Amino acid sequence: MNMHTGHAIRVNTNGIRSLAALAKTASTSRVLNLNAVAASGSGNKYDAQTPFFSDRLLNCAIITKHRPRPEEIDFFNENVPIATKIIFPIDGEDLRLGGRSIFVNQIGYLNALCDFLGKDPIELDNDLTILELLNELPSLDPFLVREQLRRHNFDPSDNYFAITPSDTARLEKFVYRELRSLVMLAFSTGGDTNTELIKRMSNAILATNADHRLAPLQETLGLEGEAFQRGIFSWKGFLYYKWQFAETKPELQRVVTHMQGMRVRGRMDSLDGYAIASTRNSIRSRIQETVKRAADILALYDEGLAGLTEKGNAADFRKFLLEAPALFIELGYAMGMMSHIVSFWRFRFKQTQSEVSNVDEFLEILRDFDLGLAPREPA
């Protein structure tokens, strides 16, 4: 099949190793690897009824959250701190051949994508909506992607989401602890802990859409209709990121220690040695800044929630939820990088490994981490 490569659909044959690695690492916070699901065959029995995308090529794509590099900034009409990139592998079974890619909402995006897929916008209506919904998210964490799609009435097979039962159970337990005081306030339980009620309300907040079970919370917050739905989604996102932060932070600290102690085996020139040392130091410093930034944003959430549960000040927490999207994006970006570094490092290096032999590959990994952690200009 001779595919059009056009102005916006670009053939990418550099970074081939990293494209192949995406299939092996499956889903991380920066990667939604539909190609891996298609290649494994695990989605076959669902694909006819509940594919992720209706278009066959899109449903075998690799979608990533990507920080535009200097040479990519001019692809957009405005500053885009983090972009959603669609990669179409040239051969889904051999990613070493590279792929064709396009950014969501780059200049010429719609015409180029429709031309490449051989369909008009009407035929791709639902798929284009899903791409916009993914583009709204700060990361591609499976939980957030699934919830974002479900609240807009898209429900792909669970095979596309790497969410284990143990992850779900730990998240539910965390949310139960977080919401105990609030449920007692909203439902006037006083000193009665009422375990079953708190559990029902926690499950209701984690459900796809806010329903009648949350009516007392809706009254407490003074939000109506779509504003309440958006507020609950933002709240759910903060709960998820707070849980993820608690689980990721200690693991990230172990990765940084491992990274700093990794030796390079064999001969290495002085320039490479300097680049590795300086990049590792930069990563360590930027990780500290990223962790602090995430902790500061979560502290704002904690303060708002405490004002509601301890002082009964619903107005401030209501205001926080209405203004949460901007903080949600910033928090999601920070958490996405933290999660990506942990998952990719653990995939690439065994915990017992103390040295590497490929200097160029090691330096490329470090530079990718460093670039992703660099301070961003606001959108």
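Me: Which residues line the largest cavity, and what makes a residue count as lining?

Reply: In this predicted model, the lining of the largest cavity is made by R30, K65, H66, R67, I82, P138, S139, G332, Y333, G336 and M337. A cavity is a set of points on a 1 Å grid over the protein atoms alone where a 1.4 Å probe fits but cannot get out, and a lining residue has an atom within 4 Å of such a point. Helix α13 (324-348) gives the largest share, four residues. Strand β3 also gives two or more. Helices (DSSP H or I, at least four residues) and strands (E, at least two) are numbered from the N terminus.

Me: How much space lies in the largest cavity?

Reply: About 60 Å³, where volume means the space filled by probe spheres set on the points, with points joined across faces, edges and corners. The structure holds two cavities of 30 Å³ or more.

Me: How were the residues numbered and the values chosen?

Reply: Numbering starts from 1 along each chain as its sequence is written, and side-chain values use heavy atoms, without hydrogens and water. Local features need pLDDT of at least 70 and side-chain atom pairs count only at pLDDT 80 or more, while totals for chains, interfaces and linings use all residues.

Me: Why is the pair of F75 and F103 called tilted?

Reply: Rings of Phe, Tyr and Trp (its six-membered ring) pair if their centres lie within 6.5 Å; planes under 30 degrees apart are stacked, over 60 edge-to-face, and the rest tilted. The centres of F75 and F103 are 6.2 Å apart and their planes stand at 40°, so this pair is tilted. F75 sits in the loop between β3 and β4, F103 in strand β5, 28 residues apart.

Me: Are F75 and F103 buried or exposed?

Reply: Buried means under 20% relative accessible area, exposed over 50%, and partly exposed in between (1.4 Å probe, protein chains only). F103, at 0%, is therefore buried, whereas F75, at 23%, is partly exposed.

Me: How do you know that K85 has no salt bridge?

Reply: A salt bridge needs a side-chain nitrogen of Lys or Arg within 4 Å of a carboxyl oxygen of Asp or Glu. Lys and Arg count as positive, Asp and Glu as negative; His and the chain ends are not counted. For buried K85, the nearest side chain of opposite charge, E72, is 4.5 Å away, so the 4 Å limit is not met.

Me: Why is N153 called exposed?

Reply: Its relative accessible area is 71%, so N153 is exposed. N153 lies in the loop between α6 and α7.

Terms used: 1 Å grid on protein atoms, 1.4 Å probe; cavity = no way out; pocket = protein on both sides within 12 Å on 5 of 7 lines; lining within 4 Å.
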